[in-house]
Amino acid sequence: MNNMNAEIFLENADSRWLLGEKVKAADRRHLALVLGCWIFLRASAGASAPEWPQFRGPDSSGIAAEANPPVLFGPEKNVAWKTPLPAGGSSPIVSGDRIFLTGFSEGKLETLCVSRRDGAILWRRVARHEKLEAFLEKYATPAASTCATDGERVVSYFGSCGLVCHDLEGRELWTAPLPTIETREGFGTGSSPILHDGVVYLLRDEVGKAAGLYAFDVRTGRQLWLIPRAEFQASYSTPVLWDGCVVTHAEGRAKGYDLKTGRERWLVRGLAAYPCSSPTVGADGNLYLSSWSNGSRNEPNPDFAQMAADLDKNKDGALSAEELAGNSLKDFLSILDDNHNGLLESSEWDGLQAAMRKGSNAVLCVRPGGTGDITDTHIVWMNERGAAYVASPLAYQGRLFIARDGGFATAYEMATGKMLYEKQRLGAEGDYYASPVAADGRIYVCSTRGVVIVLKSSEQFQVLARNDLAEPIAATPALVGDSIYLRTATHLWAFRARAAQ
């Protein structure tokens with residue numbers, strides 16, 4: 001309501017009832033102005049926030065407090081719509097009647113807007129880049145980072161060119177160009193931007209000169225501060241906000257940086273060497289970390305001599321791609337092969353393992369309020385069993401839930417770290433790259449084999465459904481209202497319980 005409408009409202013109201021006496025015309029105009037502002041503020045306060053605004057939804061928690069998505073769904077059940085998408089690893093985010101993702105096809109990096117109502121692609125915008133980042137095609141994509149929105153703007157990040165911001169109609173508002181990222185051994189980008197109180201936070205750990213934690217003004221794209229992080233050459237984890245800090249998890253340490261200044265406030269040492277999972281904030285106010293990478297101190301890989309005894313068929317003291325056939329190491333030979341001679345040699349393997357054994361795989365709970373090195377002072381509990389590689393932990397209804405590659409689930413009591421169940425079989429093989437999400441007392445877990453397992457949130461392990469979509473899943477689902485929005489390798493799906501059978 002503007003001031004004119006407020007004046008009309010007062011003309012039709014009993015001013016003596018409003019003020020206890022008849023007001024003068026000037027007073028009426030003043031009151032109209034105040035009333036108009038009041039109505040505007042009420043309307044603004046009542047405007048709904050984005051339902052699933054960034055990676056892992058509200059507060060990066062993975063929890064949709066008011067949602068009630070279906071338990072049973074699949075290609076022939078409870079399908080509201082299904083939309084073809086370009087390749088990409090970004091997870092869907094939701095604001096109002098729109099869904100946002102990124103994609104990569106025919107050499108183009110794009111931000112896409114999809115209608116929640118029918119799945120129609122409303123717009124797609126190309127992000128300009130001069131050079132495409134290197135990425136390991138089987139495991140990564142140059143459209144891996146999830147968008148973030150404040151309900152007025154949507155921010156996308158591409159390691160190849162930096163940040164780009166659009167309004168909800170697809171008009172470009174600003175760009176924040178960054179050099180093409182140089183990730184460790186060319187693995188590819190993993191971290192996503194997060195948005196809070198008008199600030200975009202971006203973690204960009206790399207071997208290049210642009211490494212650091214960034215803060216940008218979401219209205220203008222102006223860089224507010226940059227904290228160099230040259231000591232961190234690889235990070236695939238998305239930060240979270242906790243205790244007035246931006247929390248990062250990378251290369252053996254978790255760190256907290258002041259939201260306003262970027263100044264480092266605290267650190268936790270001794271974590272896994274190359275973790276991918278993001279931290280999680282519990283409703284109890286504590287921070288939870290699942291830190292795991294291959295070859296850590298408490299789960300070491302074999303020395304080269306041990307591997308060569310089984311794999312070095314021609315006894316030349318090195319391992320070729322042919323000799324690694326059938327072994328997962330073949331996929332990473334290009335990363336491990338430092339001298340680029342096509343072979344994995346003892347110095348390359350054992351040097352890397354020595355670095356990785358400096359950290360430990362663990363699940364831990366950290367209490368707020370610390371400064372400096374809080375490794376020995378603020379860890380509430382730690383358990384070396386059950387940590388996951390990629391999927392982030394879920395803190396829900398007093399329990400911390402973790403899904404591991406191979407199809408195993410573990411749950412802890414958040415208050416004490418007591419293990420409620422361990423390595424329970426989810427009934428779906430494959431890796432678990434998507435982070436678990438929860439709503440209405442249920443937990444949704446996705447396998448890269450395309451199976452979505454629905455569990456009851458309880459102290460006992462209980463599977464409610466296994467829904468096979470027959471397409472690989474690496475992106476984290478979005479839970480909004482009565483729907484679950486799921487990105488598979490080639491499609492975005494919407495499932496609703498009320499959809500026609």
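Biologist: Why does Asn-78 count as buried?

Modeller: In this predicted model, Asn-78 has a relative accessibility of 5%. Buried means under 20%, so Asn-78 counts as buried. Its place is in the loop between helix H3 (25–46) and strand E1 (79–84).

Biologist: What makes the phi of Asn-78 worth a look?

Modeller: The phi of Asn-78 is positive, at about 55°, although Asn-78 is not a glycine. Most residues other than glycine have a negative phi.

Biologist: Which other residue, not a glycine, has a positive phi near 55°?

Modeller: Gln-397 does, with a positive phi near 55°. Gln-397 sits in the loop between strand E25 (394–396) and strand E26 (399–404).

Biologist: Why is Gln-397 called partly exposed?

Modeller: Its relative accessible area is 43%. Buried would need a value under 20% and exposed one over 50%, so with 43% Gln-397 falls in between and is partly exposed.

Biologist: Let's turn to an arginine. Is Arg-229 buried or exposed, and why?

Modeller: Buried, because the relative accessibility of Arg-229 is 0%, and the cut-off for buried is under 20%. Arg-229 lies in the loop between strand E13 (223–228) and strand E14 (240–242).

Biologist: How do you know that the side chain of Arg-229 makes a polar contact with the side chain of Thr-248?

Modeller: The two side chains come to 3.1 Å of each other in that contact. A polar contact calls for N or O atoms within 3.5 Å, one able to donate a hydrogen and the other to accept it, so the pair of Arg-229 and Thr-248 qualifies. Leaving aside residues up to four places away in sequence, Arg-229 also touches others, including Leu-203, Asp-205, Lys-255 and Tyr-257.

Biologist: What lines the second largest cavity?

Modeller: Leu-203 and Asp-205 turn up again there, and the lining also includes Tyr-157, Arg-204 and Tyr-236. The volume of this cavity is about 60 Å³. Its lining residues divide into four nonpolar, six polar and two charged.

Biologist: What makes a space a cavity rather than a pocket?

Modeller: A 1.4 Å probe fits in a cavity but cannot get out, whereas a pocket is open. The search of the whole structure finds two cavities of 30 Å³ or more. The largest cavity holds about 70 Å³ of space, and E25 and E26 are the elements that give two or more residues to its lining. Among the lining residues are Leu-394, Tyr-396, Arg-399 and Phe-401.

Biologist: And the pockets? What is the volume of the second largest one?

Modeller: About 330 Å³. Of its 16 lining residues, the closest to the centre are Gln-54, Asp-59, Ser-60, His-196 and Leu-241. Strand E10 (194–196) and E14 are the elements that give two or more residues to this lining, with E10 giving the most, three residues.

Biologist: How do you know where the predictor's confidence is low?

Modeller: pLDDT stays under 50 over residues 30–47. On a scale from 0 to 100, pLDDT is the predictor's confidence in each residue, so a value under 50 there sits in the lower half of that scale. For the protein, the mean pLDDT is 88, and 90% of residues reach 70 or more. Over residues 1–28, however, the pLDDT is below 50.

Terms used. Residues numbered from 1 in each chain as written. Predicted model: local features only at pLDDT ≥ 70, side-chain atom pairs only at ≥ 80, totals over all residues. Heavy atoms only, no water. Helix = DSSP H or I, 4+ residues; strand = E, 2+ residues; numbered from the N terminus. Buried < 20%, exposed > 50% of the residue type's maximum accessible area, 1.4 Å probe, protein only. Contact = heavy atoms within 4.5 Å. 1 Å grid on protein atoms, 1.4 Å probe; cavity = no way out; pocket = protein on both sides within 12 Å on 5 of 7 lines; lining within 4 Å. Points joined across faces, edges and corners; volume = space filled by probe spheres on them. Nonpolar A, V, L, I, M, F, W, Y, C, P; charged D, E, K, R; others polar.
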